[in-house]
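Visitor: Please take one part of this structure and walk me through it closely, with the cut-offs behind each term.

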Amino acid sequence: MKYTVLYDGSCGFCNFWVKWILQRDKAGSFDFASLQGEFGRNFLRKNGLPEEDWDTLYLLGDDNKFWRKSSAIIRVCQVLGGLYSLANLGKILPLFIRDKWYDVVARNRKKWMGEYCYLPTAEEKGRFLD
């Protein structure tokens, strides 16, 4: 299965994690699109999600199923496999607690890492949808 990670393209914290996934995704399971781009906006509109709320990470499967916030993070780790699969233990916590933690990080992420855009290598550019 192929997945698309939808993230805030203007967030240094988000860009750090995009790079982190790219470095570990040896199977090429993930493509990437910023929520501000055409693909991201179409995804939000199609699913009736707020178009200007870029505080949420979404993971879209090629079957059009999608995960958000902490569930998206756990799914990314499951797909990466190996030790990262241990993130599945996070499901022990109720979703509202996991997502509350996610929201705290999302509110503070730009304070912690600022704003910068990751510039993909020539090999990685094909995995960015816009």
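Guide: Setting aside neighbours within four places in sequence, I21 is in contact (heavy atoms within 4.5 Å) with V5, F30, F32, V76 and L80. The model is a predicted one, in which local features need pLDDT of at least 70 and side-chain atom pairs count only at pLDDT 80 or more, whereas totals for chains, interfaces and linings use all residues. Residues are numbered from 1 along each chain as its sequence is written, and side-chain values use heavy atoms, with hydrogens and water left out.

I21, V5, F30 and F32 appear again, together with Y7 and L59, as the residues that touch the most other members of the largest nonpolar core, which has 20 residues. Such a core is a set of buried Ala, Val, Leu, Ile, Met, Phe, Trp, Tyr and Cys residues joined through side-chain atoms within 4.5 Å, where buried means under 20% relative accessible area, exposed over 50% and partly exposed in between, with a 1.4 Å probe and protein chains only. Two or more residues of this core come from each of β1 (3-7), α1 (12-24), β2 (30-34), α3 (69-80) and α4; these are DSSP runs numbered from the N terminus, helices being H or I of at least four residues and strands E of at least two. The largest share, five residues, is given by α1. A second, separate core has eight residues, among them L44, L49, Y58 and L60.

Helix α4 spans residues 95-113 and contains F96, which is exposed because its relative accessible area is 63%.
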